[in-house]
Every structure is written in structure tokens, then in C-alpha cells.
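Student: Please take one buried site in this model and go through its surroundings closely. After that, set a few other places in the chain beside it, with the values given as they are.

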Amino acid sequence: MERTGNKDWEKLNTYQQEAVLDESPACVVNANVGSGKTTVLIAKILYLHWEKKVPLEDMLVLTFTNKAAREITDRLRAREPELFPEQIRGFGTFHSVAMRLLKEKLSIEKAGWTRDFSVMEPEEETDLALRIIKEEKLNIKYKNRLKKRLEQEYQGYLEGKETSRYRDDLFRLYPLLQKEKQRENKMSFSDLLLVSTELIKEEKYFPAWIIADEIQDSDNLQLEFLAALKGEDTRIFAVGDPNQVIYSWRGSSDSTFFALKRQFGARELSLPVNYRSNASILEAANRFRQFGTRIQGTREGGKAIKVKRQYDPFTEAEYLAEQIESLHKSGERYEDTAILYRLQRQGEILCKVFDKRGIPYEISMKQTVKEVPALNWLIKVLRFSVNPRDKQTGEEVLQNPDFGEKLTRKKIRELLEEGKGTNFLYEKMKRFQDWSRGQTELPKSRTIFAYFGLGQALGPALAGFEEREAQVLKFLEWLENYCEEKRLPLWEGTKAFLDDAVLYGMDLQEMMGEEENSRKGVGLMTLHASKGLEFRRVYLIGMNQGLIPLRCKDLEQEEEERRLFFVGMTRAKDELELSYYVNPREPGVSGEWSRYLLGIPPKLLDWKEDSRKEKGEEKLHSLGREVREQIRAKREGEREAEIRKKEQEERTEKEEAAENVKENTAVRDMETEKETLEPGKSAALPSVRHRKYGEGIFISQNDLTVEVEFPGYGRKQFLKALGEVEFLSDTTEENHGG
């Protein structure tokens, strides 16, 4: 790659230049908010490549988020349009880089997988674990928090602790789960880091340079991965801001930045100059900064920070709509304004009011492909097609109540595990690799659509078929374009596409071909989602005790809440408005303004009470009732959908129960139980009935519980005191201690 244009680092300030030109074995840069961190990272990469002749292939550039990874690669391509994809294979999130190493560099077979493994969705591992728990009849407590428990207690399991925190079967689950993932040849996000870290240590794979972004957000697994990559001659350049640690629930800590410095004996530099916010905003933000030097600004003065009193979220939403409409009429762009809040649900009211007013907006929780049933199902079809060992996904495809083959779980497992019988869709998925490799050129979206018989699967006789067909074809066009761009044949391209989709996500609006300009609007987002963004004007709403900050259990939580407020304030370049409610309508939230307002010097604030006429208040209350009714209807619809889903699951379970009864599997189990009856008890096992599981066979009891075997459901225990089962046989309930 030849250097083009001027040397990027020559245009930087003194602090930025020092960081770019530094060649210490390890260097950590404390980058204050708005200090040009990404600019420095790009300049560092170009300096190493252009001046020091370090091949891009010998660099690993690690980021914390998908968004940051895309920004770095996009800006690098803007400087070097002829950049080859192969040159930046080591640029991406920690997880995506670990995946590339496992697929291309490391001997993954030693760990029990093959190079064509699939990457699991985060919730997929939990679903697999629940299936194993059911099949193995494991005693696992707090299954509603299983995902968190699997993460939190894994280190203890690795260290050889005898039992889990709650003394259940969790430590028995870990090896079973690992074995099943290996059998189905798929890896979780944690596996990517754990396995690659161990193999790197064993095989001594060391890059020339490691450049890490947002290092303060890294968790222990990511830091161990980075440490494993640090060979004797490897140099580390890490950038971060401990004042922006706001993801402790993901495992990050405000000590990470400093731990990295100590571990590698790193030189510490700083980027203290903020190019974003005006002097008033920075002076207020400095009052909430916890680490490093004072933020230096480049702009003088600026408007005072407004503080507004609002009656409740409904009246505020109307007020904000009026403000934004007025600003837009005066020539301002919608996308120059953002509204930030602490809880995701606070955005619902704003969306309803803005929809009513016709104000365009961008909300941080965008609809994803997984939320569109036809596309979610199609993704699973493709995932099983490129990895037929993934029985979990195969079951989900064939059993899907809307687009699947309407087979029972028993028949599906016979098909997948034993190869008994045949099925059109199953055969198409199983032969996808051979079919795709037999094509002389990359198949078009319509060809793939026809191959899987999607025209019939999507229900042509049902309402909404045209919309589903259009969505699926757009998705397949996206896949086709991906394969062409990456210059990959269909099967290999589909595997890479699906792995990237898990690691980086898929933008549904972009996939559906919506124009970028048509999507721009007012930014509506949580404080967490706002990190890394900037806007000309920011409204930070809900400045009430119990909301900003939330109620905190300890000092660590309180400090993180302060950092979160710091992040929110520093998104604003020119204007910042803070507001609180007299009637917040949130459980546990006080009608008093936040104590954080007291931390801002009065000279920086324009704090006036909001006095509305009675007529205006009445209009706003009417709007509030209307919006609340719409939100209530939406939530009722979601509850009804959940009820329908549960009813479908119960119908499926009953069908399987009927099949099991026909095969007398339950009877065989009962014969074994007869031999273990207590002396003096009747050999004729009494029958019982339960309102959910139907009729079953009494097995045993103690002073507190009754144990019953239900065909198709297995053994269940019930508390006697609750009277959940009814005895049906001639032997009375009293004879059994009920």
C-alpha cells in the first residue's frame, strides 16, 4: 500500500502527535472525551505502516463494539481506497478477531471443534443449556437467571471448586454443555475468547503490534486474550477513558485501564483537549470527572445549560415536539438533536408523540432481523444448511409453527439423529453444500428462493404473503451481494455472512433498501447507547432522584451513575438542556430533582420554572391519556402473543405425550417403579390428575410432597399443602397421606 496525501499525524496537536509517534513496548493513552481518539488510532496505524513499514497483516486492531470496528475500517479505507480485505483481517472486535484466528491461524481441532464451526447467538447457548437440563434431569436453581449464572460461576468451575454457589447441578452442566457444543460444532462468544487464548499460549502466535480501542470497557476474558497475544517483541498501544466506564454489568471495571498499565509496565500518555463541547458544558462535566487531568476545551463561552421543570413525561414529550418543530422550521436538521434518557421504556412516549406529529426520529433500539418471523426462520434454515451438525437449529427450523414442517419433536429427532424417514426441507438443507458448489456461478436470490421451496413455506394462501416474500428476497439479495463483495462462493459466503451477522448484527432498514437520508431524524436513546456519539443539541430528560441517578446499593454503583451522567452531558456540542418531572410516573422515582443538579455551579445554569396555562395543561393531559392507552394496547398485544406461544407449546407437548403413550414408554418405567414400592403398599399404583399435565401415576411421597409420573412429561413433585393433584383410583388420597 503506497502512502497518499500528507502525513496525517503532522496535522495533530502536540498530545496526539506524541501518542502516534510513541514506540514504547506498551503504551496506554488516557483519552478525554471528544479528544480525537479515533483520529489518533487511524494516524497510528498509518504511521506504523507508512513510516515503519509494518504490514497491516501483522497488526491486530481490537475494538469493544461493532460500531467502533466499522468506523475504524471505513476511515482507513477512505485514506487508502485500494485496501484489500485480506490486509485488515485482524481488525475488528475482540470476538471477531478471535474467530478469525481460530478459523485461519490456530489449531482448533485440538480443542474439539473444526474450522467451519458456527458462532452461536448469545441466547442460543442458554436455550441449549435448558434443553440439556431437561434431558438430564439436572437440578438447577434460578433458571430464569441461567445465562448470568453460566457466566458468573464458570471461573469457579475452571478453578476446581467442588460445587456451585447454590449447591445445585450447575457444575455438572458445564461439561455436558461443552460436549454438546463440540458435537454440534458451534461456539459461544465466551468460547471464542477462552479457546483462542489457550491455543495462542500453546502455539505462540504473536502479532507485531496490538492496537486496542476503548480498553476501559474490556472484561477479564478480553484482557486475558490480549495478554496471551503479547509476545516478547509484540508492542501494545491501547486507548481508553476510565471516566467513561459504564458497562460494569458486562464485566468492565474502572480499574481495567490502570491494571493494564501495571501488567505491561506501560507508558501513560494523555489526550486532554476536547474539540466537541463549549466551555459551559465542559466546566459542568469536569465536576463529574473521576480520573485523569482536567478536560481542556478549545471553545470559549457558550450558552448556559438550561434546566426545565416538567409536569410529567407526557407533557414533556409534547413540549419537546414543539421545540423540535420550531427549530426545524428555522432551518435546523432533525439529526442535529438528541433526547437522552436513563431507561429504554422512557422512549415509548416520545415515539408515540413524534409519530402523531410526523417528526422523524432514530431510536437506539431498532428492529432487527430476528424480530421479523420469516427472516428469523430463514436465517435458521441457512445456519443448519451450512452446519448440519447443529441439531438444535435443525429442530427449530422443522418445528417452527408458522413456516416449519409441522413435525413433532420425536419425529424431528428421529430424522436428525437417526436418519429415519425423509422430508423435503430437511433434504434441501442437508444437500445445500453439494448443490451450491455444483453451480457454475453464484446463484441469484430467486434461485436460492426456489431451491428451498420458500414460495410454499411462506404460506401463499395466508394474509401477508407478499410482504413476507419481499422481505425474504431482499434478504437473499443482501446475501448475494455479500458473497460478491467478498468474492466467495455461496456456501463459504453464507457461512461467513451468518457468522458476521451474529458478531456484528444486521441493520434491517439498510437490508430492506431504505435510503440513508430517509432514516435521519431526532436521536432517541438511552445514556448507554449515546456513548461515542455527538449532537449539536442534547435534551437530557428525567433528572429525578431514583432515575438519574438510579437508586444505588453501593458506592461502585453510585460512581458509575455519575460517569453515565458525565457521558450524557458530553454528547452535546453547543446546547444542553436538563429536565425533571413533578410527577415522574415511574415506580421508585421521586418527584424531586436530581442531586446531580447541585453539582453544577449555578453560574452555568439557566434554571426557570415552566409555567403553562390551564388550557395548555388540559390539552397535554388529554394527549397523555391517549398515548398511555396506545402503550397499554401494545403491551396487551404482546401478552396475548406470549399466551398464544405457550398454548402452541402445550399442544406440541400433548402430541408427543400421546405418541409416548402409544409406545408404552411410560408403562415400562412404571414396571421398574413397582419393584421399589414401600412394604405394605399396594402394587396397584393409584392414578392422579393435574390440571396442566393430565392423568398420571402416583410414585411416592413424604411428609411434604407427592411425586407423580405423567406420560410425556416425566416425574413431577407437588406440595401436599397446595392440593395440586387429585387422586382418581379406588385407593383414597387419605391412604397415601394426602
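Tutor: A residue is called buried when its relative accessible area is under 20%, and exposed when that area is over 50%. The model is a predicted one.

The site is Ser 35, in the loop between β1 (26-31) and α2 (37-50). Its relative accessible area is 2%, so Ser 35 falls under the 20% limit and is buried. The side chain of Ser 35 makes a polar contact within its own loop: it reaches the backbone oxygen of Asn 32 at 2.5 Å. With neighbours within four places in sequence set aside, Ser 35 is in contact with Gln 16, Leu 271, Val 273 and Tyr 275.

The partner in that polar contact, Asn 32, also lies in the loop between β1 and α2. Its relative accessibility is 4%, and therefore Asn 32 counts as buried too. Without the residues up to four places away in sequence, Asn 32 touches Asp 241, Asn 243, Leu 271, Pro 272, Thr 293, Arg 294 and Ile 295. Leu 271 is thus a contact of both Ser 35 and Asn 32.

Both residues also appear in a record. The unreviewed UniProt entry lists Ala 31, Asn 32, Val 33, Gly 34, Ser 35, Gly 36, Lys 37 and Thr 38 under "binding site". Such annotations may be inferred rather than shown by experiment.

For a buried residue in a strand, take Ile 210, which sits in β6 (residues 209-212). At 0% relative accessibility, Ile 210 is buried. Its C-alpha atom is 4.8 Å from that of Ile 236, a residue 26 positions away along the chain. Ile 236 is also among the residues that Ile 210 touches, along with Leu 60, Leu 62, Leu 226 and Phe 237, among others.

Strand β18 (residues 687-690) shows covered and uncovered residues in one element. Val 688 and His 690 make up its covered face, while Ser 687 and Arg 689 make up the uncovered one. β18 pairs with β19 (residues 694-701) in the antiparallel sense over four bridges, and the two strands form a hairpin with three residues between them. β18 also pairs with β22 (residues 725-727), again antiparallel, over three bridges. Arg 689, on the uncovered face, has Glu 695 as its bridge partner in β19 and stands opposite Glu 726 in β22.

Last come the enclosed spaces. Three cavities of 30 Å³ or more are counted, and the largest has a volume of about 50 Å³. Its lining consists of Ser 118, Val 119, Arg 383, Val 386, Lys 495, Leu 498, Asp 499 and Val 502. β4 (118-119), α15 (373-386) and α23 (490-504) each supply at least two of these residues. α23 gives the largest share, with four residues.

Note on methods
Residues numbered from 1 in each chain as written. Predicted model: local features only at pLDDT ≥ 70, side-chain atom pairs only at ≥ 80, totals over all residues. Heavy atoms only, no water. Buried < 20%, exposed > 50% of the residue type's maximum accessible area, 1.4 Å probe, protein only. Pairing = 2+ DSSP bridges. Polar contact = N/O pair within 3.5 Å; in protein donor to acceptor, adjacent residues only side chain to side chain. Contact = heavy atoms within 4.5 Å. 1 Å grid on protein atoms, 1.4 Å probe; cavity = no way out; pocket = protein on both sides within 12 Å on 5 of 7 lines; lining within 4 Å. Points joined across faces, edges and corners; volume = space filled by probe spheres on them.
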